[in-house]
Amino acid sequence: MNYTQLKTAVEDYCENTFTNVDFATMTQLAEQKIFNSVQLPVSRQNVTGLLTANNKYLTLPTGFLSVFSLAVVDTLGMYSYLLNKDVNFIREAYPSPSDLGTPKYYAIFGPDNTTPLYTTLILGPTPSAALTAELHYSAYPTSIVVNGTSWLGDNFDSALFNATMVEAIRFMKGEDDMVKLYADAYKQSLTLIKNLGDGKLRQDAYRSGQVRTQVI
């Protein structure tokens, strides 16, 4: 289901038309709801960059939501993964910016004065030299509103459609029974996509065995 098909289907079900701006807002709210309810590979991003010598802060990419992993990579290509800690831990363990070395820990620091719109990590100890770092993180995929197509639209349009219908009925100030009808349909779709993203994609038949239903 592409964006045009989604808009047509929602308007047909609602027997109503929506402006392009309003429908785009509904769709993006629906996508945000789904991607904050289930972890899917399409939300996973990675970036490689440099840690700056004598700078204990690392500015994160645009669109960053959460960390999967952060590693420093030596000249031989060996990965050393940093451990996630609280800011207080790093402040106490490495109280001075001159506590230099290869970082072992990181914490979500939040925006700083130089990059108020971006999330920043604090590292401990402060990098003693420029080091290659690789970050795997979660971010919202490009919306179907922007691309016209998306992973959700191509592979799990039931979740996208039902989530958008919830937003559309809410926008129309629909009756309580209609709001409940589409909210329940969305919950059913969400159960299915969570079974994929948080279940099947986190196991394989060799290690976990095949999914089986008890015979009654």
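This short talk covers one helix pair and the nonpolar cores of the structure above. Keep in mind that this is a predicted model.

Let's start with the pair. Helix α1 spans residues 3–14, and helix α6 spans residues 157–171. Their axes come within 10 Å. They cross at roughly 50°. Angles of 65 to 115 degrees would count as roughly perpendicular, and those under 35 degrees as roughly parallel. α1 and α6 are therefore oblique to each other. The crossing of α1 past α6 is right-handed.

Which residues meet there? From α1, we have L6, A9, V10, Y13 and C14. From α6, they are met by L160, F161, T164, M165, A168 and I169. Sorted by class, this contact has 10 nonpolar residues and 1 polar residue. It has no charged residues.

Now to the cores. How many residues does the largest nonpolar core have? It has 29. Those with the most contacts inside it are V10, I34, L152 and I193. V10 is also one of the α1 residues that meet α6.

Which helices supply this core? At least two residues come from each of α1, α2, α6 and α7. Here α2 is 20–35 and α7 is 176–197. The most comes from α6, with 8 residues.

Take L152 next. Setting aside residues up to four places away in sequence, L152 touches I34, F35 and L40. It also touches D157, L160 and I193. L160 is on the list of α6 residues that meet α1, too.

Last item. Another core, of 15 residues, lies apart from the largest one. Its members include L51, L70, L82 and L121.

Methods:
Residues are numbered from 1 along each chain as its sequence is written. This is a predicted model: local features need pLDDT of at least 70, side-chain atom pairs count only at pLDDT 80 or more; totals for chains, interfaces and linings use all residues. Side-chain values use heavy atoms; hydrogens and water are left out. Axes are lines fitted to C-alpha atoms, for helices over the stretch in contact, and angles run from 0 to 180 degrees between N-to-C directions. Helices (H or I, at least four residues) and strands (E, at least two) are DSSP runs, numbered from the N terminus. Angles under 35 degrees count as roughly parallel, over 145 as roughly antiparallel, 65 to 115 as roughly perpendicular and the rest as oblique. A crossing is left-handed if the near helix is turned anticlockwise from the far one by less than a right angle, and right-handed if clockwise. Contact means heavy atoms within 4.5 Å. Ala, Val, Leu, Ile, Met, Phe, Trp, Tyr, Cys and Pro count as nonpolar, Asp, Glu, Lys and Arg as charged, and the others, Gly among them, as polar. A nonpolar core is a set of buried Ala, Val, Leu, Ile, Met, Phe, Trp, Tyr and Cys residues joined through side-chain atoms within 4.5 Å. Buried means under 20% relative accessible area, exposed over 50%, partly exposed in between (1.4 Å probe, protein chains only).
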